[in-house]
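Reader: I would like a close look at one single part of this protein, followed by whatever is needed to set that part in the rest of the model. Please take it slowly and keep the reasoning visible.

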Amino acid sequence: MSMSEPLYQVVFHGVLRPGFAQEQVVQNLRDKLKLSDSITGSLFSSPRTIIKRNLPLSKARKYEQQFFLQGMVVKSELIESEPLTLIENEPESTETASNGVDENKARSDQSSMADSGVVSGNDHLAKEVPDDQVTDQLETDASYPKVLSFEFHGNGKEYFKIWIVNILLTIVTLGIYSAWAKVRNKQYFYGNTVLDGASFEYTAKPLQILKGRLLAFAIVGIYYFCGNFLPPYYQAIFYGVAIVFFIFIFPWVVVKGLQFNARHSNYRNINFGFDGTYWGAFKAFILWPIAGATVFLLPFSWHRRNHFFVDNSRYGTEKFQFSATTSDYYRIFGMVIALGFGLGIVALIAMFLGGLLAALIPALGFIVMGVVYAAAYFIVFAYFNAANNNLLYNSTILKQHSLTSDYDVKSYAMLLFTNTLGIALTLGFFIPWAMVRTARYHAEKTDFIASEDLNGFIAAEEQHVNTLAEGLADTHDMFDIDVGI
């Protein structure tokens, strides 16, 4: 190992994967990693425990993977200062004894491992797991299921060149180039998103998208003309007809857009697909949202929409499945209401204090109120998006494989805030960097849990898809246009 190579420590902050109880995780650690009762007990006796330290990043990632599979979310943290002191130099902890860990045995284990770097985190012992108990698991057939991390390799400066050219050419061509701009954008983000060493692809042709854009432009043109040049009496009739037309055409637009984008998205030469129907889209995007206008049915509406999207999506011939329940969404919306109520009280207090300050120093009072309202908005918005995203991915299954997401409110709120601030201060020129930063964050927080070698899965799917394609190849030409936005 190079002396200049950065070292990491593997830290557990008490966070478990959704759907895992502590008892189940402890049992997994005993059965799968063969950890002793003293080690498993010490892991849950403090808000922060260091499992292993002085590791290169590659080995730290292996620890992340193995503990994740057992139900724990552990993090690799860069060691930036002197090593922490050994626990044997700390006062005796009654907390360890209260968790059923034999103190004499813990002291003995600690002493025998002192040379290999047993450390404390927040004055808590974290006995190190022997290397072979992790690496052996990774090198045997029992290494599946395996955590495959998404990666995003794009950068803001590179994407800025694509973005600015797209805008300029779209303006010069009066919007015609927007179809080519969409393809270039999607190809950049797809191509820079990598899973298990392979990137995604977007294969749509700009002319296919242009057809949809021209169709949409024609509809908007008719709406504008009739809304401005018809006599007033006929205008009222026209607007009524337009509303009804929009209600009934919108589900078709949604389905066609989802089908188009799925069909032209692929991974390892296998296309995704979407099999949703018009009636399914009508319920998901018209009927249930109308019912959701009453606050009590809004979580139900949100659940049905995500259910429609996931359950009708497929990779090759294998369909995705959505396991979240309506009660999961009620919990999220309930937390949003509680959070909004609490922050609303804080905002009222800030308004009162801001009013007092405004009487003395007007500018300062308005700044205080603005900061509090902005912070409250970002916190609520970040919580809702993070919770909804985590539930969506953590509840999505593909065959025996699954996805997982661990957005956290603090980091996501900071991402939203810095992106918004950057865009505002640069009059919009920070948008490419904001998009790249968001894509990288999403990739870093999302993993694919492979239950078997993907090469076998991909080969089997490729064979099925090629057979299926022979019968369906001629059915897409007439309506193979992107009518989505």
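Author: Leaving aside its neighbours within four places in sequence, Q9 touches R48, I50, K52 and R53, and also K75, S76, E77 and I79. This is a predicted model, and in it Q9 has its place in strand β1, which covers residues 8-16. Is Q9 buried or exposed? Its relative accessibility is 11%, and because buried means under 20%, Q9 counts as buried.

The setting of this residue comes next. The protein has 485 residues, of which 42% are buried, and its secondary structure comes to 17 helices and 15 strands. Of the contacts in the protein with a separation of 6 or more, 74% join residues that lie 24 or more positions apart. On the outside, the protein exposes about 26400 Å², and 65% of this area is supplied by carbon and sulfur atoms.

Two helix pairs can be described in turn. Helix α7 (residues 156-172) and helix α8 (residues 178-191) have axes that come within 9 Å and cross at roughly 170°; since angles over 145 degrees count as roughly antiparallel, α7 and α8 are therefore roughly antiparallel to each other. On the α7 side the contact is made by E158, Y159, I162, V165, N166 and T170, and on the α8 side by S178, A181, R184, N185, Y188 and F189. Sorted by class, this contact of α7 with α8 has six nonpolar, four polar and two charged residues.

Further along the chain, helix α15 (residues 409-425) packs with helix α16 (residues 431-444) at an angle of about 170°, their axes being 9 Å apart, and α15 and α16 are therefore roughly antiparallel to each other. Here α15 contributes S411, Y412, L415, T418, N419 and I423, while α16 contributes I431, A434, R437, T438 and Y441. By class, the contact of α15 with α16 has six nonpolar, four polar and one charged residues.

A word on confidence belongs with all of this. The average pLDDT of the protein is 78, and 75% of the residues score at least 70. Over residues 135-142, however, the pLDDT is below 50, and this stretch has nine contacts in the model beyond near neighbours in sequence. Residues 467-480 also have a pLDDT below 50, with eight contacts in the model beyond near neighbours in sequence. Where pLDDT is low, the predicted coordinates should not be read in detail.

How values were computed: Residues numbered from 1 in each chain as written. Predicted model: local features only at pLDDT ≥ 70, side-chain atom pairs only at ≥ 80, totals over all residues. Heavy atoms only, no water. Helix = DSSP H or I, 4+ residues; strand = E, 2+ residues; numbered from the N terminus. Buried < 20%, exposed > 50% of the residue type's maximum accessible area, 1.4 Å probe, protein only. Contact = heavy atoms within 4.5 Å. Areas by Shrake-Rupley, 256 points an atom, 1.4 Å probe, with all protein chains shown as cover. Axes fitted to C-alpha atoms, helices over the stretch in contact; angles between N-to-C directions. Parallel < 35°, antiparallel > 145°, perpendicular 65-115°, else oblique. Nonpolar A, V, L, I, M, F, W, Y, C, P; charged D, E, K, R; others polar. pLDDT = per-residue confidence, 0-100.
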